[in-house]
Amino acid sequence: MALEVNMSASLLILAVLIVSSVCTAPRALAARELAGEDAAADATMAVRHEKWMAEHGRTYKDETEKARRLEIFRANARLIDSFNAAGAHSHRLATNRFADLTDDEFRAARTGYRRPQTVAGARGGRFRYENFSLADAPRSIDWRKKGAVTGVKDQGSCGCCWAFSAVAAVEGLTKIRTGRLVSLSEQELVDCDVYGDDQGCDGGFMDNAFDFIERRGGLASESGYPYRGEDGSCRSDAADAGAASIRGHEDVPANNEAALVAAVAHQPVSVAINGADHVFKFYDGGVLGGDGCDTELNHAITAVGYGTASDGTRYWVMKNSWGKSWGEGGYVRIRRGVRGEGVCGLAKMPSYPV
């Protein structure tokens, strides 16, 4: 009897082991397959990063730094791939030269818009285009085609987008008023407009820049005061100081894209925007619709036109200061006619020189 019991127990244990083996084998196999897929994905991403490094001439000081940058690149690339794969957006993203930067690093180096706290309730005053009928506005306008926009520039790792935005607006107005297109000096603003809220590579405000140019009696040309992409001592010896002058600035009524159309119909306009969200930072082409972009203002660009796409989508043409490799040759098209603050906050704080 004991022998029979022992045999039964042994058979029961054997059966349990067999069942357990059958049940766990698929899970183990699935785990190994998943690990293999992860390893293959990691290898593919490493190869993609190497190609990206070669394309953008990126090098790192050591393997530790390279490994850290690969992880940042991986996270950004997955975000970009997921956005593009959704297929529900009117613009596309790309793993551009900012793809190995953290959000904080990107903000510090590539944005720089700083709005003074006192400005929020102080904006207003004259808006010379308030009585302009939109019925008289052209259906589209592109100041590039009218010769009022200089080539795309690159602010580099200096947070002075505010200077580039203001200068582009002044360059456009100068061409419209005098017939001469002169590339003007952002570096003069970076070096010399350093009192109060404007602090060179640490950020600034376009309205202040316009007022500074008025007080200084004009701005030197780019050739007379070249861009260096870093803070420096203010010079007063530029041979062509006062290559372009203005009488100050006016503000476009806030959150009013119709008023912005009226202004851009007459001249390029400085615009504050959220340029740090991934939908703007990694923009590659198409009409940026605003999904995933809030209205926090941290960057400055210049509205140089507007138009309508073949599918009827109305858009703004904006000049950026991140070089020609970004976006559509350095420009971005952004959806126009959105109520309130506009896509990425573009309607909140526009202004222009006079």
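# Pockets, cores and helices in a predicted model

Let me begin with the largest pocket, whose lining, sorted by class, has 6 nonpolar, 2 polar and 4 charged residues. I should say at once that this is a predicted model, and that the pocket in question has a volume of about 250 Å³. If you look at the structure above, you can pick out its lining as Leu 134, Ala 137, Pro 138 and Arg 139, then Glu 257, Ala 258 and Val 261, then Tyr 306, Thr 308 and Arg 314, and finally Arg 336 and Gly 337. Two elements, α7 (257-264) and β6 (299-308), each supply at least two residues of that lining, and the largest share, 3 residues, comes from α7.

The second largest pocket has a volume of about 160 Å³, and its lining divides into 6 nonpolar, 3 polar and 3 charged residues. Among the residues that line this second pocket are Val 170, Leu 173, Thr 174 and Arg 177, together with Ala 243, Ala 244, Ser 245 and Val 354.

From the open spaces I turn to the enclosed one. How many cavities of 30 Å³ or more are there? The count comes to 1 cavity, and about 80 Å³ of space lies in the largest cavity. Of the 14 residues that line it, the closest to its centre are Phe 164, Ala 168, Lys 319, Asn 320 and Ser 321. Which helix gives the largest share of the lining of this cavity? That share, 6 residues, comes from α4, while α4 and β6 are the elements listed as each supplying at least two lining residues. By class, the cavity lining divides into 6 nonpolar, 4 polar and 4 charged residues.

Since α4 (161-178) has now come up, let me stay with that helix for a moment. α4 has 18 residues and reaches 26 Å from its first C-alpha to its last, which is close to the 26 Å expected at 1.5 Å a residue. The helix is mostly covered, with 14 of its 18 residues buried, and just after it Gly 179 takes a positive phi of about 85 degrees.

α4 is also part of what covers another helix, α6 (residues 206-216), whose buried residues are covered by a set of elements that includes α4, α5 (186-192), β3 (249-251), β4 (269-273), β6 and β9 (351-353). The buried residues in α6 are Met 206, Asp 207, Ala 209, Phe 210, Phe 212 and Ile 213. For reading that pattern, it may help to recall that an α-helix has 3.6 residues a turn, so residues three or four places apart point the same way. α6, too, is followed by a glycine, Gly 217, with a positive phi, near 85 degrees.

Next, the nonpolar interior. The largest nonpolar core has 59 residues, of which Val 264, Phe 280, Met 318, Ile 334 and Leu 346 touch the most other members, and α7 gives the most to this core, with 6 residues. Apart from this core lies another, of 36 residues, including Ala 166, Val 182, Leu 184 and Ala 300. Returning to Ile 334, and leaving aside its neighbours within four places in sequence, we find it in contact with residues that include Ile 273, Phe 280, Leu 288, Arg 314, Trp 316, Met 318 and Leu 346.

I would like to close with three loop positions. Most residues other than glycine have a negative phi, and against that background two residues deserve a second look. Asn 255, in the loop between β3 and α7, has a positive phi near 55 degrees. Cys 344, in the loop between β8 (331-335) and β9, is not a glycine either, yet has a positive phi of about 55 degrees. Is each of them buried or exposed, or something in between? Asn 255 has a relative accessible area of 39%, so it counts as partly exposed, whereas Cys 344, at 1% relative accessibility, counts as buried.

The third position is Gly 323, in the loop between β7 (314-319) and β8. Because its relative accessible area is 9%, which falls under the 20% cut-off, Gly 323 counts as buried. Gly 323 and Asp 154 are 169 residues apart in sequence, yet 4.4 Å apart in space, C-alpha to C-alpha. Not counting residues up to four places away in sequence, Gly 323 touches Arg 97, Val 152, Lys 153, Asp 154 and Gly 330.

Definitions and conventions. Residues are numbered from 1 along each chain as its sequence is written. This is a predicted model: local features need pLDDT of at least 70, side-chain atom pairs count only at pLDDT 80 or more; totals for chains, interfaces and linings use all residues. Side-chain values use heavy atoms; hydrogens and water are left out. On a 1 Å grid over the protein atoms alone, a cavity is a set of points where a 1.4 Å probe fits but cannot get out, and a pocket is an open set with protein on both sides within 12 Å along at least five of seven lines; lining residues have an atom within 4 Å of a point. Grid points are joined across faces, edges and corners, and a volume is the space filled by probe spheres set on the points. Helices (H or I, at least four residues) and strands (E, at least two) are DSSP runs, numbered from the N terminus. Ala, Val, Leu, Ile, Met, Phe, Trp, Tyr, Cys and Pro count as nonpolar, Asp, Glu, Lys and Arg as charged, and the others, Gly among them, as polar. A nonpolar core is a set of buried Ala, Val, Leu, Ile, Met, Phe, Trp, Tyr and Cys residues joined through side-chain atoms within 4.5 Å. Buried means under 20% relative accessible area, exposed over 50%, partly exposed in between (1.4 Å probe, protein chains only). Contact means heavy atoms within 4.5 Å. The expected span of a helix is 1.5 Å times one less than its number of residues.
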